[in-house]
Amino acid sequence: MGEQRIIYMDHSATTYTKENVVEAMLPYFTRHFGNPSSIYGIARYTKQAIDTARAQVAKAIGAEPDEIYFTSGGSESDNWAIKGVAYANRKRGNHIITTKIEHHAVIHTCQFLEKEGFAVTYLPVDKYGRVDPAELEKAITDKTILVSIMYANNEIGTIEPIRELAAIAQKHKIYFHTDAVQAIGNVPINVRNEKIDLLSLSAHKFYGPKGVGALYIRNGVRLDNLIHGGGQEKKRRAGTENIAGIVGCGKAIELATADIEGHNVRIRALRDRLLKGILERIPHAYLNGHPTERLPGNINISFEFIEGESMLLWLDDEGICASTGSACTSGSLEPSHVLLATGLPVEISHGSLRLTLGDVNTEQDVDTVLEVLPKVVSRLREMSPLYQSAGKKGGCNV
Ligand SMILES: *Cc1c(COP(=O)(O)O)cnc(C)c1O
């Protein structure tokens, strides 16, 4: 088999871990392996390493170090924020407000809490995937204890008006949580200025290792523990710390937030050229998500008369890694709940393709995709009876 050049355009699913992040982590597998809870000298290195990483994460989002708690990643942080606030504030009320387009780590957690007697409002979004602050205001009742709205959507890349939404929650003295897993490194965030009480992040979405992340908990927020056991993380999250992972998370977030604007300018230029080229070359193609308020590397496009899964297989054959719907639902033919929430018809949501650009992508990658994708789409359309019977005219008015 010849060496095939791989074009990776799935950075919203995960990123590689940067070389200097891996280097920072390595000593904590071998030389500095001490359990930070032990009192002998060698354990102090690991304790210091965690303190450094905590300060790095805090600085990146404008928090204090003692407001950062390390977790196993975005899913755990989302679960902890939502279940933790729900159980600790049950006497105040049982109502939670979230949106229809959250990651499953939020949606399934809320559905679980509904079975436990909580009431959940899933806010609608407009055709671009934006939540209307007026809708949030309307949904609030005297029983509302938590609002959880993602910073940026993982499928369509839409960035939510977090500052306005959080201000509404604060005005009503309701905790505001945001899943910022996709936003870190792409959008400058300051939890103080933006009045955010809880924020989830995950290292493998910003060139750090998998299986580690953090939850920012503003000092004073009432929240129950999720993981019970030892006294780690100020007695709030038990379990011997994933030292190497935590070190990697700290280093990666420092690098990812050092020059957000510079990174965005480069990625956005590649993304815009790719998007323009696709829309010029392929008929009956529609951009999903917001035209401007979107993550710099995100393209989500629907092609009429196409099955997203078959498009992915053909692209994979050409060494192009992309996704359809969200990574978690591919493999099943469930239409994306995010695309459906934007009002896209089911048939068209099936033909969606997500390309998410990142650090590794080059002008050459864009050229290759622009050469391959139109061929793949037209071959698949030639095989589609729907396309034939629609007289190749297209019938969608989105
Ligand atoms: C990836 C992702 C998660 C889950 O994070 P893990 O670290 O993989 O558990 C949660 N929310 C969003 C928006 C994501 O993109």
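**Exercise 1. Place Ala341 in the predicted model and list what surrounds it.**

Step 1. Ala341 belongs to helix α11, which covers residues 337-341. The model is a predicted one.

Step 2. Leaving out residues up to four places away in sequence, Ala341 touches Lys100, Ile101 and Val125.

Step 3. Take Asn361 as a second point: Ala341 and Asn361 are 20 residues apart in sequence, and their C-alpha atoms are 30 Å apart in space.

**Exercise 2. Describe the protein as a whole: its elements, its dimensions and its surface.**

Step 1. The protein contains 14 helices and twelve strands.

Step 2. The C-alpha trace spans about 70 × 55 × 35 Å along the principal axes.

Step 3. A compact globule of 398 residues would have a radius of gyration near 21 Å, and the 22 Å of the protein agrees with this.

Step 4. Buried residues make up 56% of the 398. Here buried means under 20% relative accessible area.

Step 5. The exposed area is about 17,200 Å², of which carbon and sulfur atoms supply 53%.

Step 6. Among contacts with a separation of 6 or more, 74% come from residues 24 or more positions apart.

**Exercise 3. Which residues does Gly358 touch, leaving out those up to four places away in sequence?**

Step 1. Locate the residue: Gly358 sits in the loop between β12 (352-356) and α13.

Step 2. Its relative accessible area is 1%, so Gly358 is buried.

Step 3. The residues touched by Gly358 are His11, Tyr207, Arg266 and Ile267, with those up to four places away in sequence not counted.

Step 4. Compare sequence with space for one pair: Gly358 and Thr15 are 343 residues apart in sequence, while 8.1 Å separates their C-alpha atoms.

**Exercise 4. Is Ala139 buried or exposed?**

Step 1. Ala139 is part of helix α5 (residues 133-139).

Step 2. The relative accessible area of Ala139 is 14%, which makes it buried, because the limit for buried is under 20%.

Step 3. Beyond its neighbours within four places in sequence, Ala139 is in contact with His95, Ile97, Thr121, Leu123 and Thr144.

Step 4. Ala139 and Ile96 lie 43 residues apart in sequence and 9.7 Å apart in space, C-alpha to C-alpha.

**Exercise 5. Work through the charged side chains and three of the salt bridges.**

Step 1. Count the charges: the protein has 44 positive and 47 negative side chains, and 5 Å lies between the centres of the two sets.

Step 2. Side chains of opposite charge can pair when their charged atoms come close. Over the whole structure, a search finds 16 salt bridges.

Step 3. One of the salt bridges joins the side chains of Lys47 and Asp51, at 3.7 Å from N to O. These two residues are four apart in helix α2 (residues 41-61), which means they are separated by about one helical turn. Lys47 is partly exposed at 43% relative accessibility, and Asp51 is partly exposed at 39%.

Step 4. Another salt bridge links Glu76 and Arg237, whose closest N and O atoms are 2.6 Å apart. Glu76 lies in helix α3 (residues 74-88) and Arg237 in the loop between α7 (232-235) and α8 (243-258), so this pair ties together parts 161 residues apart in sequence. Glu76 and Arg237 are both buried.

Step 5. The side chains of Arg273 and Asp367 also form a salt bridge, at 3.1 Å from N to O. Arg273 is in helix α9 (residues 260-281) and Asp367 in helix α13 (residues 363-382), so the pair connects parts that are 94 residues apart in sequence. Arg273 counts as partly exposed at 31% relative accessibility, as does Asp367 at 40%.

Step 6. Through shared partners, salt bridges join Arg273, Glu363 and Asp367 into one network.

**Exercise 6. Where do Lys195 and Glu233 lie, and what are their phi values?**

Step 1. Lys195 is in the loop between β6 (175-179) and β7 (198-202). Its phi is near 60°, a positive value in a residue other than glycine.

Step 2. Lys195 counts as partly exposed, at 38% relative accessibility.

Step 3. Glu233 is in helix α7. Although not a glycine, Glu233 has a positive phi of about 50°.

Step 4. With 6% relative accessibility, Glu233 counts as buried.

Key
Residues numbered from 1 in each chain as written. Predicted model: local features only at pLDDT ≥ 70, side-chain atom pairs only at ≥ 80, totals over all residues. Heavy atoms only, no water. Salt bridge = Lys/Arg side-chain N within 4 Å of Asp/Glu carboxyl O. Buried < 20%, exposed > 50% of the residue type's maximum accessible area, 1.4 Å probe, protein only. Rg over C-alpha atoms; globule rule 2.2 N^0.38 Å. Contact = heavy atoms within 4.5 Å. Areas by Shrake-Rupley, 256 points an atom, 1.4 Å probe, with all protein chains shown as cover. Lys, Arg positive; Asp, Glu negative; His and termini not counted. Charge placed at Lys NZ, Arg CZ, Asp CG, Glu CD.
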